[in-house]
Amino acid sequence: MNLQIDEQRLHSELETLATFSDAEPPAVTRIVFTPEDLNARAWVIAQCEEARLAVRQDAIGNIFARWVGADPAAPAVGTGSHIDAIPNAGKYDGVVGVLGGLEAMRALQRSGFRPRNSIELLVFATEEPTRFGIGCLGSRLLSGTLSADAVAQLKDRDGEPVDEVRRKAGFSGNLQDVKLPKGYYKAFLELHIEQGPLLERAHTSLGIVKTIAAPASLRISIEGAGGHAGAVLMPDRKDALCVAAELILVIESAARSSGAMDTVATVGVCDVFPGAVNSIPSRVRMMLDVRDTDLGRRDGVMQTIEGASQKIAAKRQVSIHSELVNADAPADCAPEVSAALASSCRQHGFPFLEMVSRAYHDSLFISRIAPTGMLFIPCRNGYSHRPDEYAASEDIARGTLVLAESLAKLGA
Ligand SMILES: [Zn+2]
């Protein structure tokens, strides 16, 4: 099979998709179900239809674009990623796997290849946790990892329920119907930027993922006591932000001392009430994210944090309440899918690294219902989730080529 990836077109599509954004370029902000996101989705669907793919969307907004194979009843071979983007992000996270997946399918079409199994592009809805506080809603529902009832109860930052938000965006179907039937996919492959520096450091342009690290996140509320910043003397204070500061350093040290480099912990949200310069913070809401490749070690870190937070609460006479938002198990990629990727790399003499995905992806959830693999390409300095995120066109094209050949192999 002699496949030609249209690197130029892929590059220009990446640039076009980046214009659907709520931020000044080069930054991209595309929160799920905002007008920017809905316009971007419409544009992606138009590209899929131009490639003569059959498009459908489900009740949470996952987009499926199918190239029907010679045996339409056989399970499909899937590929895809997401196009929603956190505030002030870059152009490549998720998008490379969506537009790369589409170009992989077009390259196969141009070569005259006719798949036996259908090949399907899947654009996952609401991968980023920005709006609803929990990531990968689309793939959690598809895989049955989260129930439709649990999803319907989630609210966005303005207190609007998922159900209302999605209906306003035009997705009115039944959330119960999102879950995919058993055996829907024969295999699933996600192409993604690494979001870390290892490929670049190793001067290697492809990474085959063996394990996807397990994320857990907590919502932490600290209730102290407010008051006038001038009138309340220091011994009388229950400053919720000082409590938060102490707790954040405990969290950092718990992750650092887990005994493994794979443990990481981050407090990425810290809302302070009432947020006035002359007012003592009475309440702090934080979001904590802890990840590891080892479930036991990660849960150990979570317990250390919980124990320390109760001690801090007692010492400072405040209440600290934590609520588990999600705690997912790590996933291993399927050997047969990784083997398809590796054999394509070897055919071309492309060196590759076997790696851990430290970020989590929709593939983590799809791996519960289908043999799943992930292919990484480098991003400059390992930067991601920031405006200067960058992946070279030739790396994107190389990843797309390996993806296309692997889809063909798995769907032949
Ligand atoms: Zn992503």
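Mentor: Let's start with a cut-off: a residue is called buried under 20% relative accessible area, exposed over 50%, and partly exposed in between. Keep in mind that the model in front of us is predicted.

Trainee: Why is Arg 298 called buried?

Mentor: Arg 298 has 1% relative accessibility, and buried means under 20%, so Arg 298 counts as buried. Its partner Asp 299 stands at 30%. That value falls between the limits of 20% and 50%, so Asp 299 counts as partly exposed.

Trainee: What makes Asp 299 and Arg 298 a salt bridge?

Mentor: The test asks for a side-chain nitrogen of Lys or Arg within 4 Å of a carboxyl oxygen of Asp or Glu. Here the N to O distance is 3.1 Å, so the pair meets the limit of 4 Å. Beyond this pair, salt bridges that share partners join Arg 9, Glu 13, Glu 50, Glu 103, Arg 106 and Arg 110 into one network.

Trainee: How do you know that Arg 110 and Glu 103 belong on the list of salt bridges?

Mentor: By the same kind of reasoning. Their side chains meet at 2.6 Å, N to O, and the limit is 4 Å. The burial of the two partners is worth a look: Arg 110 is partly exposed at 45% relative accessibility, whereas Glu 103 is buried with 0%. In general, side chains of opposite charge can pair when their charged atoms come close. A search of the whole structure gives 24 salt bridges.

Trainee: And why are Arg 167 and Asp 163 said to be separated by about one helical turn?

Mentor: Because they are 4 residues apart in helix α6, residues 162-168. Their side chains form a salt bridge at 3.8 Å, N to O, which is within the 4 Å limit. Both ends are partly exposed, Arg 167 with a relative accessible area of 43% and Asp 163 at 22%.

Trainee: What makes His 82, Asp 93 and His 192 donors of the zinc ion?

Mentor: Donor atoms must be N, O or S within 2.8 Å of a metal such as this one. The NE2 of His 82, the OD of Asp 93 and the NE2 of His 192 lie 2.0 to 2.3 Å from the zinc ion, so they qualify under that limit. In sequence the donors are spaced H-x10-D-x98-H. Asp 93 sits in the loop between β5 and α3, and His 192 in strand β7, so the pair ties together parts that are 99 residues apart in sequence. Asp 93 is buried at 9% relative accessibility, and His 192 is buried at 1%.

Trainee: Why is strand β4 described as mostly covered?

Mentor: Of its 7 residues, 7 are buried. One side carries Ala 76, Gly 78, Gly 80 and His 82, the other Val 77, Thr 79 and Ser 81, and both faces are covered. His 82 on that strand is also one of the zinc donors.

Trainee: How do you know that β4 pairs with β7 and with β6?

Mentor: Two strands pair if there are at least two bridges between them. β4 and β7 have 4 bridges in the parallel sense, and β4 and β6 (residues 119-124) have 6, also parallel, so both pairings pass that threshold. Val 77 shows both: its bridge partner is Ala 187 in β7 and Ile 119 in β6.

Trainee: What makes β11 and β14 the edges of their sheet?

Mentor: That open sheet of 4 antiparallel strands runs β11-β13-β9-β14. β11 and β14 each have a single partner strand, so one side of each is left without a neighbour in the sheet. The twist averages 15° from one strand to the next. β9 and β14 are joined over 8 antiparallel bridges, with Leu 218 opposite Leu 324 in β14. Helix α8 packs on this sheet with its direction at about 5° to that of β13, while helix α9, also packed on the sheet, makes about 155° with β13.

Trainee: Last one: which residues touch the most other members of the largest nonpolar core?

Mentor: Leu 17 and Leu 108, in a core of 58 residues. Leaving aside neighbours within four places in sequence, Leu 108 is in contact with residues including Met 1, Trp 67, Phe 113 and Leu 407. A second, separate core of 29 residues includes Val 32 and Phe 33.

How values were computed:
Residues numbered from 1 in each chain as written. Predicted model: local features only at pLDDT ≥ 70, side-chain atom pairs only at ≥ 80, totals over all residues. Heavy atoms only, no water. Buried < 20%, exposed > 50% of the residue type's maximum accessible area, 1.4 Å probe, protein only. Helix = DSSP H or I, 4+ residues; strand = E, 2+ residues; numbered from the N terminus. Donors = N, O, S within 2.8 Å, 3.2 Å for Na, K, Ca; no water. Core = buried A, V, L, I, M, F, W, Y, C linked by side-chain atoms within 4.5 Å. Contact = heavy atoms within 4.5 Å. Axes fitted to C-alpha atoms, helices over the stretch in contact; angles between N-to-C directions.
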